Each structure stands twice: as C-alpha cells, then as structure tokens.
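Me: Hi! I've got a structure open and I'd love some help reading it. Can we go through it bit by bit?

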There are 2 protein chains.
Amino acid sequence: MNCEIICVGTELLTGDTLNTNSQYIARELSKNGFSVHFQTTLGDNPGRLKDVFEAAVKRSDVVVVTGGLGPTQDDLTKETVAAFFGMSMQRDEAQVRKMKQHFDRRNYVMTDNNFRQCDIPVGAKAINNTQGTAPGIHIEKNGVSVFLLPGPPSEMKAMFDLYVMPILKNRTSQLVISRYFNICDFGESMVEEMILDLVNHQTNPTIATYAKPGEVLVRITANGTDAAAINGLLDKYSKEMDRRFGRHIFAHAQKTLAETVGDLLLKKHRTMATAESCTGGLIASQMTAIPGISEAFKMGVVTYSNEAKMRLLDVQKKTLDRVGAVSEETAREMCEHLATLSECDVNVSVTGIAGPDGGSAEKPVGLVYVGVHADGRTRIEKCKFAGSRQTIQKRSANKALCMVREAILNLQ
Amino acid sequence: MNCEIICVGTELLTGDTLNTNSQYIARELSKNGFSVHFQTTLGDNPGRLKDVFEAAVKRSDVVVVTGGLGPTQDDLTKETVAAFFGMSMQRDEAQVRKMKQHFDRRNYVMTDNNFRQCDIPVGAKAINNTQGTAPGIHIEKNGVSVFLLPGPPSEMKAMFDLYVMPILKNRTSQLVISRYFNICDFGESMVEEMILDLVNHQTNPTIATYAKPGEVLVRITANGTDAAAINGLLDKYSKEMDRRFGRHIFAHAQKTLAETVGDLLLKKHRTMATAESCTGGLIASQMTAIPGISEAFKMGVVTYSNEAKMRLLDVQKKTLDRVGAVSEETAREMCEHLATLSECDVNVSVTGIAGPDGGSAEKPVGLVYVGVHADGRTRIEKCKFAGSRQTIQKRSANKALCMVREAILNLQ
C-alpha cells in the first residue's frame with residue numbers, strides 16, 4: 001500500500017519548527033511494511049493544500065495529513081478536504097460534550113471558534129483526541145483512506161498509534177518484525193565494518209545502523225506472511241549478531257546505556273556513585289533522568305578543579321603535581337576515594353581533556369582516563385576520543401557507563 | 001520570490017533520518033525575506049523526482065534540491081534534472097583535479113563511480129563543496145533558479161551559506177532584520193500573554209516565540225528596503241520588550257541560559273559551584289558543556305540521598321528528620337555549606353521532587369526549592385513546577401541558573 005504524508009503549518013514552512021511529525025509517521029509506516037513515497041509540507045493555504053491533496057489522492061492509497069485542525073481562522077485543513085470530496089459538515093454532539101467537559105474542568109470559557117472543531121464531514125468518522133481538544137477525521141472515499149490529525153506531536157502520535165496504525169495493519173497480511181541490538185564499547189564505523197557483509201547482501205531482512213557517540217543501535221527487520229518463518233530468519237541473524245558482538249550487546253530495544261545500567265542496578269539491588277571531571281556531571285545527569293533511580297544512584301561529585309579533586313575526593317596533591325589531573329593515577333585515586341566516601345557498590349571516575357583548548361603534545365584533547373572501583377578492585381582505561389567537546393564528553397560518559405555495566409555484571 | 005525545497009533520500013522517506021535540511025534552508029530563506037511555499041521529500045526514484053521537479057519549476061522562482069549527488073547507482077538527482085532540461089553532461093576537469101587531490105591525500109583509490117560526481121550539465125555551474133567530494137550544481141533556465149546540493153547537512157549548509165544565499169540576496173533590495181530577546185524566569189504562556197497584544201497586531205514586524213522549559217526566545221523581524229527605517233521600527237519594539245521584561249531578558253541571541261551565566265562569570269572573574277539533588281547534575285553538566293568554563297566552574301556535588309547530603313554538604317541530620325530533604329532549610333544548608341566547601345563566589349542548591357513517584361499531599365511532585373548563596377547572603381525560592389520528570393528537572397535547572405545570573409549581576 002502506497003502512503004503519503006502531508007504536513008500543514010506555517011511554522012514548519014518557515015523552519016521555525018522542526019518537522020518531527022513526518023519522520024514519526026514515516027518510520028511507523030515503514031517499519032510495519034508500508035511504503036511512503038512522498039512527504040509534502042505546506043502552509044495554511046487552502047488553494048495550495050487543495051492542489052497537493054489532489055495529487056496525493058491520485059497517486060496514493062493512504063494519505064495522512066497533520067495540522068490545521070485548530071480553532072483559529074487559518075486552520076482550514078478539514079474544510080479544504082471536505083470541500084474537495086464534496087462533503088458537507090455536521091456538528092458532532094459527542095465531540096461537543098467532550099469539549100465542554102474539557103473546558104469546564106479547566107474553568108475556561110468556550111468561544112464559537114472552539115465548537116468549529118467539533119464539525120465533522122458527513123460520512124467521515126471522528127477520531128478521539130486523548131491529548132487535546134481537536135478531534136481527528138477519518139474519510140474513506142474513492143478507494144483512498146484519508147486521515148486528518150492535529151499538528152501537536154503528542155496529540156498526533158497518540159491518535160496515529162491508537163487509531164490509524166491498527167486500521168492499516170488490519171488491511172495487510174504482511175507481517176513485519178524487527179529486532180534491536182544496542183551495542184556499546186565499539187565505535188560507529190567499527191560496528192558498520194563488522195557487519196558490512198550482512199548489510200551489503202541485505203534484501204530480507206534489512207539491516208539499519210544508527211550511530212551515537214559510543215553507542216550503536218542495529219535494527220534487523222524481516223517481513224513475510226508467516227510469523228514462524230520470519231522469526232526463523234531473524235533467529236539466524238540474531239545468532240550472528242551474538243557471535244560478533246557478544247556481551248557488548250547491552251540491550252534489545254531503543255534504550256539508552258544509562259537506562260540499562262539503571263535497570264541492572266535496581267534489579268541487582270546495587271548502588272552507584274560518580275566522580276566526574278571532564279564529563280562535568282553528564283553521567284550523573286543521565287542516571288538521574290531515570291525515574292526511581294534514587295534507590296540505586298546515591299551521589300556524584302563534579303571535581304572540575306584540582307582543589308575540588310583534593311577537597312571532595314582526597315586526591316593527593318603530590319599525585320596532581322607529579323602526573324597531573326589527567327592521568328591513570330588521578331583516575332584511580334578518584335574512584336577509590338569515592339568508594340570510601342560513598343560506600344556504594346560501583347564507583348566510577350572520569351578525568352580527561354574535552355577541549356577545544358587545554359591539550360598538549362603529551363596530553364592531547366580527547367585523552368580521557370576512566371576508572372571503575374567495585375568489589376575491592378579497580379580497573380582503569382585510557383581512551384583517546386576524537387570530535388567536538390560535546391562528542392568527547394558524550395563518548396567519555398558512555399565509555400564510563402559501559403565499564404559500570406561490566407562491573408555490575410561481574411559482581412558476585 | 002517564491003522558493004521551494006525538494007529533499008531526495010530514501011533514509012528521509014522511511015523516517016530513518018530526521019530531515020533537518022528542510023528546516024535549515026526554510027529558516028535561512030524565511031529570515032532573509034523569501035517565501036517558501038512547498039517542501040517535498042521523496043526517495044531516490046527518477047520518475048517521481050521528475051514529476052515533483054516539473055511541478056516545482058512551474059510554480060516557483062527558486063528550487064533548492066538536496067540529496068542524490070553521491071557516487072552510487074541510486075544517486076540520480078543531477079541526471080534527472082539535466083534530462084528534464086534537455087542538458088547534456090560534461091566532465092569538469094577542475095572538479096576532477098580537486099577530487100584526485102582529495103583521494104590522494106587520504107591514500108584512497110578512486111573508482112569510475114567517483115568521477116561521475118564531476119560531470120556537470122553543459123551550461124550549468126559547479127558549486128564547490130568545501131566539506132566533501134560531490135560538487136553542487138547551479139542551473140538558470142526558463143526564469144527559474146535551480147540549486148542542487150548534497151544531502152549531508154554539513155556539506156549542504158556550507159554550500160547554501162557560501163554560494164546560494166549570497167546569489168539570492170543579491171537579487172532583492174528587500175532587507176530583513178531580526179532581533180532576539182531571551183527571557184528567563186517567566187513561564188512560556190506568561191510570556192505569550194504579556195506580548196499577546198503585540199503578536200495579535202503583527203504584520204511588520206512579525207513576532208515569533210519559541211518556548212523551552214523556563215526559557216523563552218522571542219524573535220522580532222522587520223522588513224523593508226531602508227535599513228534606518230527598519231531599525232527605527234525595531235527600536236520601538238525593543239523598548240516595549242525592555243519595558244515589559246526588563247532584567248528578565250538575559251541575552252539577545254540564540255544563547256542558552258547556561259552560556260549566558262558562563263559568559264558573565266568569565267567576564268566578571270567570578271566562580272561558581274553547584275549542589276544538586278533533584279536536578280542530579282543537570283546544571284553542572286550544562287555549565288561544563290561550555291568551552292573554557294573551568295576558569296569559573298569549580299565543583300559540583302550531586303547529593304541524591306540523605307547520606308550524601310550529610311556527608312558531602314554537612315546537612316544536619318536533625319534538619320532532614322524535622323523538615324525533610326525537600327525543604328527551605330535543607331536548600332539553605334546545602335548552598336551555605338557548599339560555599340564553605342567550594343570557596344566559590346556563587347553557590348547554588350536545588351532540592352525537590354521530580355517525580356513521577358515520591359510525591360505526597362504535603363509535598364507534591366514538582367515542589368522544588370532553589371537556594372543561592374553569594375556575598376554572604378542566601379536567597380531561597382520555593383517553586384511548583386508541572387510536567388514530566390524531565391521537564392521538572394529542566395525547569396528547576398533553569399530557575400537555578402536565573403537566580404545565579406541575578407546573584408552575579410548583584411555582586412559588587
């Protein structure tokens with residue numbers, strides 16, 4: 001089934017807002033085996049929308065339109081599409097009640113504009129909006145399925161997931177199954193190289209890699225009409241992925257490394273603390289973004305100066321004088337003294353040069369030491385990262401989280 | 001002049017890659033006074049590209065196409081557009097030399113595919129690619145200006161800024177000038193309400209607001225042919241903005257609050273430290289993302305447990321027992337003891353409930369205390385934030401940075 005996406009909104013057209021709706025819908029359709037051939041963005045202009053819509057219903061089986069369903073004068077998507085199909089409008093009393101409740105609950109006064117949102121083309125279905133006020137519209141006409149959804153991403157996504165996708169899935173016997181492999185500890189290009197033979201010969205399954213600093217997501221997607229056959233195919237590839245990446249596969253979903261570490265800590269009832277220099281709180285911040293993590297994440301220090309390293313972590317002045325803050329010894333003292341201070345199970349330290357300044361021939365930008373102390377043992381890794389300050393900080397944080405994960409897995 | 005944007009690339013069509021090129025080009029064109037009427041995204045399919053391109057040259061004066069200029073078989077943008085105009089191809093020797101140098105420097109072997117990138121339609125101009133190998137193409141035909149640019153954003157942006165925009169600017173006497181107002185300490189809807197009368201009557205200048213948690217950017221853009229007249233108009237609006245927001249305007253550019261605080265600290269030779277509970281290192285992480293900030297940002301602690309608050313910051317057990325970790329008293333002890341520990345000029349503390357769990361009737365999710373100690377004085381603010389865990393953390397961090405900024409401005 002050929003699908004296409006039309007996004008209506010002046011804020012998209014002027015580039016004031018990044019169009020994430022198009023990507024979301026395209027990705028959901030593609031991963032369920034539907035082809036998307038065109039995505040068009042245009043402003044709140046009925047004449048131009050009519051032309052684009054006319055081209056769309058001629059060449060596609062499914063047309064998803066977002067935006068222009070609001071209460072203001074320039075929201076004309078519904079009216080334009082209804083006029084195109086020669087449909088008249090009727091006020092939907094169920095939607096009126098719903099909207100009145102919505103406004104009553106908030107003590108807002110409704111204006112006539114608001115009621116306009118409850119007008120539904122005769123013969124079309126209203127799609128309930130669980131996140132906002134404007135209902136969506138579902139029209140089946142001339143063999144084409146048309147879905148009009150609101151522009152705000154949270155409203156659009158909920159309606160697309162709960163209403164549009166189930167209907168479309170019902171119409172195809174094609175099954176599409178994906179498996180995810182989150183890989184840490186390998187560079188992006190290294191992962192790509194390690195599966196290049198698989199990628200080059202892909203037809204079914206298809207293989208896509210998404211690289212982030214120090215973290216790579218591989219998605220393997222197979223399609224067919226028989227679930228057992230598809231899973232058999234995916235099993236073969238999963239075994240190959242396990243063989244090549246082993247313990248470096250840290251998750252099988254679109255999960256971050258910090259979330260994986262958080263889950264592991266909570267599951268194993270272990271605690272963690274951080275001592276960060278060049279990552280400046282990035283690891284702590286990633287960990288504390290996880291709901292409920294206070295059970296496992298206890299404390300962090302950001303020792304961004306030599307004084308802070310001495311005062312907060314008892315790093316010895318003679319160590320700093322002799323080998324400097326960016327050194328194996330400092331990383332070691334940082335995580336070992338942190339362990340005493342925090343009494344946590346896993347203690348991680350990072351010290352390095354994130355740049356762009358502060359590097360030297362001996363200690364260039366990108367030189368980073370990561371230390372992990374757990375179970376009475378300390379492990380230090382010397383890393384050389386490339387990229388911008390931000391990239392070096394991210395890679396360092398992810399390297400540290402990789403090592404924390406290893407340490408938790410190795411705990412008795 | 002009516003412009004439109006066509007983005008070619010299967011990775012965009014499937015939603016694997018977010019289309020940031022469209023936004024970039026649209027924003028640059030809009031802010032320079034050009035209208036963008038359509039943005040279309042499609043795959044590497046010559047037939048569909050021909051149809052879309054044909055519609056584009058009929059309705060627009062300028063067509064910018066990105067993607068499909070690479071060396072592989074499916075990169076067919078250039079060939080499709082040249083065939084549409086009936087132009088033949090000619091190898092550009094200057095581009096061949098440039099490409100040979102590029103490959104020689106890297107010790108790569110060139111294949112015939114690579115040379116295909118140096119073929120330029122006869123009558124068209126090659127646009128130098130300073131960031132990669134594929135040159136762009138500039139065609140003037142039938143009163144339409146067509147620019148073909150590569151898909152990778154870094155290459156596209158450089159060519160758009162250096163080549164395309166200067167040509168287009170030259171063709172118009174229209175001047176477009178923007179001013180920015182970064183506002184902190186006010187909620188998004190509050191800012192919108194405070195300028196609603198200006199927004200509602202906008203024609204020239206136009207006013208756009210971009211809201212982030214605890215931070216709002218207002219852009220006021222005026223156009224005309226006389227710079228003095230435009231600036232006069234903008235001065236009037238600037239005065240009005242100053243009158244309404246005063247000291248809450250923290251910058252006049254697309255700058256973050258953390259960057260503003262960093263600049264202020266460096267300029268005034270002042271130092272700063274953080275004690276974070278519910279923000280978990282977010283403030284430290286934002287501050288240490290700034291290059292060169294180690295002169296000003298000295299240390300941070302993430303005290304995510306009562307033990308950590310006691311051990312790292314000497315918060316009294318009796319305080320925690322009596323009024324709890326989320327309280328004015330704890331926020332006060334945190335920033336005051338941090339001041340002793342850090343010896344920094346400005347010391348900020350945050351303690352609160354970011355949720356989704358951990359709230360109670362007395363202390364609901366979103367209750368946050370921010371403390372700032374500077375110059376011997378402590379200021380505590382009690383805040384009630386709404387939203388997701390992430391939003392509450394971000395709002396808390398920005399509130400803290402607002403207060404830090406105030407404190408630096410008030411320092412003798």
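Me: What angle do helix H13 and helix H15 of chain B pack at?
Reply: In this predicted model, helix H13 (residues 306–313) and helix H15 (residues 328–342) of chain B pack at about 35 degrees, with their axes 10 Å apart. Helices here are DSSP runs of H or I with at least four residues, strands are runs of E with at least two, and both are numbered from the N terminus. Axes are lines fitted to C-alpha atoms, for helices over the stretch in contact, and angles run from 0 to 180 degrees between N-to-C directions.

Me: Which residues meet there?
Reply: From H13(B) there are B:Lys309, B:Leu312 and B:Leu313. They meet B:Thr330, B:Glu333, B:Met334, B:His337, B:Leu338 and B:Leu341 in H15(B). Contact means heavy atoms within 4.5 Å. By class, the contact of H13(B) with H15(B) has five nonpolar, two polar and two charged residues. Here Ala, Val, Leu, Ile, Met, Phe, Trp, Tyr, Cys and Pro count as nonpolar, Asp, Glu, Lys and Arg as charged, and the others, Gly among them, as polar.

Me: Any ground rules for the numbering and the model?
Reply: Residues are numbered from 1 along each chain as its sequence is written, and chains are lettered from A and ligands numbered from 1 in the order in which they are written. This is a predicted model where local features need pLDDT of at least 70, side-chain atom pairs count only at pLDDT 80 or more, and totals for chains, interfaces and linings use all residues, while side-chain values use heavy atoms, with hydrogens and water left out.

Me: What about H13 and H15 in chain A, what's their angle?
Reply: In chain A, H13 and H15 pack at about 35 degrees, and their axes are 10 Å apart. The contact involves A:Lys309, A:Leu312 and A:Leu313 of H13(A), with A:Thr330 and A:Met334 among the residues of H15(A).

Me: How are the two chains related?
Reply: Chain B superposes on chain A after a rotation of 180 degrees with 0.6 Å of shift along its axis, at an RMSD of 0.7 Å. The two copies are thus related as by a two-fold rotation axis. The superposition is by least squares on the C-alpha atoms of residues with pLDDT of at least 70 in both. Also, 100% of the interface residues of chain B are interface residues in chain A too, so the copies meet through the same surface.

Me: OK, on to the sheet. What order do the strands come in?
Reply: Ten strands form an open sheet, in the order E17(A)-E16(A)-E15(A)-E13(A)-E14(A)-E14(B)-E13(B)-E15(B)-E16(B)-E17(B), with mixed pairing. Two strands pair if DSSP finds at least two bridges between them. The edge strands are E17 of chain A and E17 of chain B, each pairing on one side only. From one strand to the next, the twist averages 10 degrees.

Me: Which way do E16 and E17 of chain B pair, parallel or antiparallel?
Reply: Antiparallel: E16 (residues 367–374) and E17 (residues 377–384) of chain B share eight bridges. B:Val370 has B:Glu381 in E17(B) as its bridge partner. The two strands form a hairpin with two residues between them, and B:Asp375 in the turn has a positive phi of about 55 degrees.

Me: And E13 with E15 in chain A, parallel or antiparallel?
Reply: Those pair in the parallel sense, over five bridges. A:Glu276 stands opposite A:Val350 in E15(A).

Me: What lies across E13, E15, E16 and E17 of chain A?
Reply: Helix H16 (residues 389–410) of chain A does, running at about 25 degrees to E16(A).

Me: New topic: is A:Glu343 buried or exposed?
Reply: A:Glu343 is exposed, with a relative accessible area of 59%. Buried means under 20% relative accessible area, exposed over 50%, and partly exposed in between (1.4 Å probe, protein chains only). A:Glu343 sits in the loop between H15 and E15 of chain A. Leaving aside neighbours within four places in sequence, A:Glu343 is in contact with A:Thr271, A:Leu338 and B:Arg311.

Me: And B:Thr40, buried or exposed?
Reply: B:Thr40 counts as buried, at 4% relative accessibility. You'll find B:Thr40 in strand E2 (residues 35–42) of chain B. Not counting residues up to four places away in sequence, what B:Thr40 touches includes A:Gln39, A:Thr40 and B:Arg59.
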